[in-house]
Structure formats: structure tokens, C-alpha cells
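Colleague: Please take a close look at the buried charged residues in this predicted model, and set them against the nonpolar parts around which the chain is arranged. A connected account, with the cut-offs stated, would suit me best.

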Amino acid sequence: METMKNLLGFAFFFTVAILSAWSAWKTPTILAWIVALHNLLLAIIYLLRQPANSYDRTGLWLGLVAALLPSVNALPHSLPPIALFVGLASYGLILWSLCTLGPAFGVAPADRGLVVQGPYRFVRHPMYLGELVLRFVLVATSPQPVLAVLFAMTLVVIQVARILREEKVIRGYRLYAGWIRWRLLPGVW
């Protein structure tokens with residue numbers, strides 16, 4: 001069953017990688033190419049993924065919605081320099097987190113082992129932080145601000161729900177939470 005999930009994950013993200021690479025080819029921007037690279041990296045990770053000790057089916061649906069939701073708010077053709085810098089920095093955090101997780105990554109909350117190195121030494125959910133910061137940059141520069149704000153608010157609710165579910169599934173998480181106090185933003189949450 002786990003092998004089938006990994007193959008489905010690979011097929012999904014490989015397809016998305018091809019589509020995002022096609023989009024980046026037609027409208028080349030650095031963010032568009034990073035999105036394509038990100039999706040290809042996700043596809044590769046699904047081929048190497050560790051089996052889960054426990055698994056959260058509801059979290060899977062939240063994760064799939066979170067994975068598909070960014071397609072509602074397309075990447076802009078250009079960003080102001082500060083927005084591009086913040087967007088690239090947040091994507092750097094996403095990719096650093098993803099590479100640190102490696103085979104422990106999954107869309108659904110599952111226990112594939114606790115990862116405590118890399119950016120996970122500073123906040124407990126750096127990938128979600130990177131995704132939210134990137135989306136807020138896109139909201140701030142969106143030509144459709146109402147849709148973008150609704151999209152961002154929906155993504156925040158989904159990511160918070162995923163965080164809370166994930167923290168219940170991973171063995172040893174309480175101890176880790178004692179070491180690393182903040183989930184997303186030091187001093188805030």
C-alpha cells in the first residue's frame with residue numbers, strides 16, 4: 001500500500017513538474033523555474049520516501065488542497081525587487097526544509113521519523129513558514145487582491161490545521177516542542 005501511495009505521489013508531482021516547467025518555458029521567470037524545480041524535487045522524494053509508522057487520512061485531504069491551492073493564484077510575470085527578494089528567500093526556506101526532510105516528507109501528516117536538523121532547529125514548521133511568506137508576497141503584488149486575500153486566508157487555515165494534526169502524529173514531537181518553542185514565528189506562534 002505504501003509503495004502505491006509513493007507511486008501516486010510521484011505521478012502527481014512529476015505531472016505538476018512537467019506542467020510547471022512548460023509554464024516556465026512559456027513565461028520564464030525565476031520563480032516559475034523554481035516552482036518547476038520544487039515539483040520535480042517532490043516527485044523524486046516520493047520515489048525515495050520512508051514508510052510511515054502512522055498516517056492521517058484527513059491530513060492527506062488538507063495537504064492535497066494545500067498543494068493544489070497555489071494554482072488558483074498564478075505567479076506574476078514580474079515582481080517589485082523587494083517582493084522578488086522576499087519571495088526567493090521564502091522559496092529558499094521551502095527548498096532547504098524539503099531537502100532536510102528528504103524521505104521523511106509527505107503531503108499527509110505521517111510519522112516517518114522526527115527531523116530536527118537544518119531549519120527545523122529554529123522553528124518547528126519552516127516549510128509552512130516559507131510557503132505562507134511566499135503566498136503573502138504574491139497576495140501583496142496580486143492584480144486581483146480580493147481573490148488573493150481569500151486564497152491566502154484559506155491557505156493559512158489549512159496550514160494551521162495541518163500543523164496541529166502533524167504534531168499529534170509524529171512520535172517524540174512533545175520532546176521536540178520542548179526544545180524548539182515556536183511553530184512558525186519566534187515570539188508569535
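**From the nonpolar core to the charged network**

Modeller: In this predicted model, the largest nonpolar core (a set of buried Ala, Val, Leu, Ile, Met, Phe, Trp, Tyr and Cys residues joined through side-chain atoms within 4.5 Å) has 28 residues, and those with the most contacts inside it are Y91, F105 and M127. Helix 2, helix 4, helix 5 and helix 7 (173–179) each give this core at least two residues, helices here being DSSP runs of H or I with at least four residues, numbered from the N terminus. Its largest share, seven residues, comes from helix 2. Apart from this core lies another one, of 10 residues, including V123, F151, I158 and L184. Returning to M127, and leaving aside neighbours within four places in sequence, its contacts (heavy atoms within 4.5 Å) are with I94, S97, L98, L101, F105 and Y120.

Two points on how the values were obtained come before the charged residues. Residues are numbered from 1 along each chain as its sequence is written, and side-chain values use heavy atoms, with hydrogens and water left out. As the model is predicted, local features need pLDDT of at least 70 and side-chain atom pairs count only at pLDDT 80 or more, while totals for chains, interfaces and linings use all residues.

The part you ask about can be entered at R124, which sits in the loop between helix 4 (81–101) and helix 5 (126–140). R124 counts as buried because its relative accessibility is 7%; buried means under 20% relative accessible area and exposed over 50%, with partly exposed in between, using a 1.4 Å probe and protein chains only. Not counting residues up to four places away in sequence, R124 touches E167, Y173, Y176, A177, I180, R181, W182 and R183. The side chain of R124 also reaches the backbone oxygen of R181 at 2.8 Å.

Side chains of opposite charge can pair when their charged atoms come close. Counting a salt bridge as a side-chain nitrogen of Lys or Arg within 4 Å of a carboxyl oxygen of Asp or Glu, the total comes to three. One of them joins E167 and R124, whose closest N and O atoms are 3.3 Å apart. This pair links distant parts of the chain, since E167 is in helix 6 and R124 in the loop between helix 4 and helix 5, 43 residues apart. E167, at 13% relative accessibility, likewise counts as buried. The side chains of R183 and E167 meet in another salt bridge, at 2.9 Å from N to O. R183 lies in the segment after helix 7 and E167 in helix 6, so this pair ties together parts that are 16 residues apart in sequence. R183 and E167 are both buried, and salt bridges that share partners join R124, E167 and R183 into one network.

A further salt bridge pairs the side chains of D111 and R171, at 3.5 Å from N to O. D111 lies in the loop between helix 4 and helix 5 and R171 in the loop between helix 6 (145–169) and helix 7, so the pair ties together parts that are 60 residues apart in sequence. Here the partners differ in burial: D111 counts as buried at 3% relative accessibility, whereas R171 is exposed, with a relative accessible area of 56%.

Conventions
Polar contact = N/O pair within 3.5 Å; in protein donor to acceptor, adjacent residues only side chain to side chain.
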